[in-house]
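Colleague: Hi! Could you walk me through this one? I'm still new to reading structures.
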Amino acid sequence: MSLVVQKYGGSSVADAEGIKRVAKRVVEAKKKGHQVVAVVSAMGDTTDELIDLAREVSPISSGREFDMLLTAGERISMSLLAMAIKSLGHEAQSFTGSQAGLITDAVHNKARIIDVTPGRIKDSVDEGNIAIVAGFQGVSQDSKDITTLGRGGSDTTAVALAAALDAECCEIYTDVDGVFTADPRVVKKAKKIDWISFGDMLELASSGSKVLLHRCVEYARRYNIPIHVRSSFSPLPGTWVSNEPRGDQPMEQALISGVAHDTSEAKITIVGVPDKPGEAAAIFRAIADAELNIDMVVQNVSAASTGLTDISFTLPKTDGRRAIDALKKQKEGIGYDSLRYDDQVAKISLVGAGMKTNPGVTATFFEALANAGVNIELISTSEIRISVVTRQDEVNEAVRVVHTAFGLDSDSDEAVVYGGTGR
């Protein structure tokens, strides 16, 4: 008897009908002879509503009590799903993240899993129950406080449990039929990908693809847990994410796996930085000390007459104010002239393992953007990814023209978003 971990997102359990539909899907897996562990997100927009409520009550909505509040959403959906499963004649038990053995560090609002001790979950499924686990949450190893894992935390919960329980695979149920070559809300002719490697999926996830998030894929690759991304609204097969193809899937990946975009980042430019050793180190040490993550970095060639240069980088918009404050505190030590903040930018990324052995990919990418009149502000590359920053109001058209330029369009409008969010 194999064990399967299934994760259902907020759109899949958005209302009573959705919860009953998910219950039937879970029971079907049980009837096929699997032991089943289901991980659930909060219903619909519950988490966003709780965040808004917290901000209405207090402008300082973070830390321990904020985590206590946000975990209420998953507790509601897990218990309702257990009730729905029982109404179908099967036994189910629900567990919070701490009861399921999700041990984290002590960082509130964006904790990281450091251990999983799923003894209670294993005992429950061995007794014939379907185990329902609240996603997105855990318990601090040091303080014993409840913690939340941040954006995409339920996906990470599911993969971590799959690894700890030695599951056959981790099924991520969402409101699209799998991973597509572009966001189906932007590109109606996007194609569903049958199989994609962990490496390409990591690049897509870090570049803005919202079906799977980076931490989840990173965890799955580390423990070699195959992920099957599929829709909870249809019976169609989805996308397998793994080290190697499964069944009759082709061994060789396509030249380009997909085009991703991200409108959640801002750009900061530090103007007039002295072009001498140690200046960049001081800048990014200030950012690191503020516990902020950055994405793309570009330094201009210094002007010979002044010996000054400009350094630009991107980071999440939500961290923009903290980054500006951290850099202002270090202005005297660094010696720059001024700071520029721009939150009307977007990132477009072309991802594919085949590009490193095929000349002309970069030229085709830039030609497509030029023909659409899209101006490029920053460029960053890896072996299997090219990313550019452009204006936010140009990004949708840019994604569509690049998608077409690389022959990724399907013959029909294949992409369907059942729940309206892409998650």
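Modeller: Happy to! Let's start with a pair of facing residues: Leu-350 stands opposite Ile-386 in β20. Keep in mind that this is a predicted model.

Colleague: Cool. Which strand has Leu-350 as the bridge partner of Val-259?

Modeller: That is β18, where Leu-350 is the bridge partner of Val-259. Strands β13 and β18 pair in the antiparallel sense, over five bridges.

Colleague: And how many bridges are there between β18 and β20?

Modeller: Seven bridges, again in the antiparallel sense, with β18 covering residues 345-351. Another facing pair to look for is Ala-346, which stands opposite Thr-390 in β20.

Colleague: Are the residues of β18 buried or exposed?

Modeller: Seven of the seven are buried, so β18 is largely enclosed by the rest of the structure.

Colleague: What covers which side, then? I'd like to find the two faces of β18.

Modeller: Both faces are covered. On one side you'll find Val-345, Lys-347, Ser-349 and Val-351, and on the other Ala-346, Ile-348 and Leu-350, all of them buried.

Colleague: How many residues of β20 are buried?

Modeller: Six of its seven residues, 385-391, are buried, so β20 is also largely enclosed by the rest of the structure.

Colleague: What joins β19 to β20?

Modeller: A hairpin does, passing through two residues. Strand β19 is residues 378-382, and five bridges join it to β20, with the two running antiparallel. To see them side by side, look for Leu-378, which stands opposite Val-389 in β20.

Colleague: Nice. New topic: which residues does Thr-314 touch, leaving aside its neighbours within four places in sequence?

Modeller: Two of them you have just met: Thr-314 is in contact with Leu-378 and Val-389. The others are Glu-265, Ala-266, Lys-267, Ile-294, Asp-295 and Met-296. Thr-314 itself sits in strand β16.

Colleague: Is Thr-314 buried or exposed?

Modeller: Thr-314 counts as buried, because its relative accessibility is 1%.

Colleague: What about Pro-316, how does it count?

Modeller: Pro-316 is found in strand β16 too. With 29% relative accessibility, Pro-316 counts as partly exposed. Apart from neighbours within four places in sequence, its contacts are Ser-264, Glu-265, Ala-266 and Asn-293.

Colleague: How far is Pro-316 from Asp-262?

Modeller: Their C-alpha atoms are separated by 9.9 Å, while the two residues are 54 residues apart along the chain.

Colleague: Let's switch to a helix. Which residues of α9 are buried?

Modeller: Helix α9 is residues 320-329, and the buried ones are Gly-320, Ala-323, Ile-324, Ala-326 and Leu-327. They cover an arc of only 165° around the axis, which puts them on the same side of α9.

Colleague: And what is exposed on the other side of α9?

Modeller: There, Arg-321, Lys-328 and Lys-329 are exposed.

Colleague: What do the buried residues of α9 pack against?

Modeller: They pack against β14 (265-274), α8 (279-289), β16 (308-316), α10 (331-334) and β17 (338-342). So β16, home of Thr-314, is among those partners.

Colleague: Are there any holes inside? I mean, how many cavities of 30 Å³ or more does the structure hold?

Modeller: One. About 200 Å³ of space lies in the largest cavity.

Colleague: Which residues lie nearest its centre?

Modeller: Ala-182, Asp-183, Ser-209, Lys-210 and Val-211, out of the 18 residues that line the largest cavity. By class, that lining has nine nonpolar, six polar and three charged residues. The largest share, three residues, comes from strand β13, residues 258-262.

Colleague: One last thing: what should I know about phi angles?

Modeller: Most residues other than glycine have a negative phi. Here Phe-136, which is not a glycine, has a positive phi of about 75°. Asp-166 has a positive value too, near 55°.

Colleague: Where do Phe-136 and Asp-166 lie?

Modeller: Phe-136 is in the loop between β6 (130-134) and β7 (137-140), and Asp-166 is in the loop between α5 (153-164) and β9 (169-174). Phe-136 is buried, with a relative accessible area of 10%, whereas Asp-166 is exposed, at 67%.

Colleague: Thanks, that gives me plenty to look at!

Conventions
Residues are numbered from 1 along each chain as its sequence is written. This is a predicted model: local features need pLDDT of at least 70, side-chain atom pairs count only at pLDDT 80 or more; totals for chains, interfaces and linings use all residues. Side-chain values use heavy atoms; hydrogens and water are left out. Buried means under 20% relative accessible area, exposed over 50%, partly exposed in between (1.4 Å probe, protein chains only). Helices (H or I, at least four residues) and strands (E, at least two) are DSSP runs, numbered from the N terminus. The arc is that of the directions from the helix axis to the C-beta atoms. Contact means heavy atoms within 4.5 Å. On a 1 Å grid over the protein atoms alone, a cavity is a set of points where a 1.4 Å probe fits but cannot get out, and a pocket is an open set with protein on both sides within 12 Å along at least five of seven lines; lining residues have an atom within 4 Å of a point. Grid points are joined across faces, edges and corners, and a volume is the space filled by probe spheres set on the points. Ala, Val, Leu, Ile, Met, Phe, Trp, Tyr, Cys and Pro count as nonpolar, Asp, Glu, Lys and Arg as charged, and the others, Gly among them, as polar. Two strands pair if DSSP finds at least two bridges between them.
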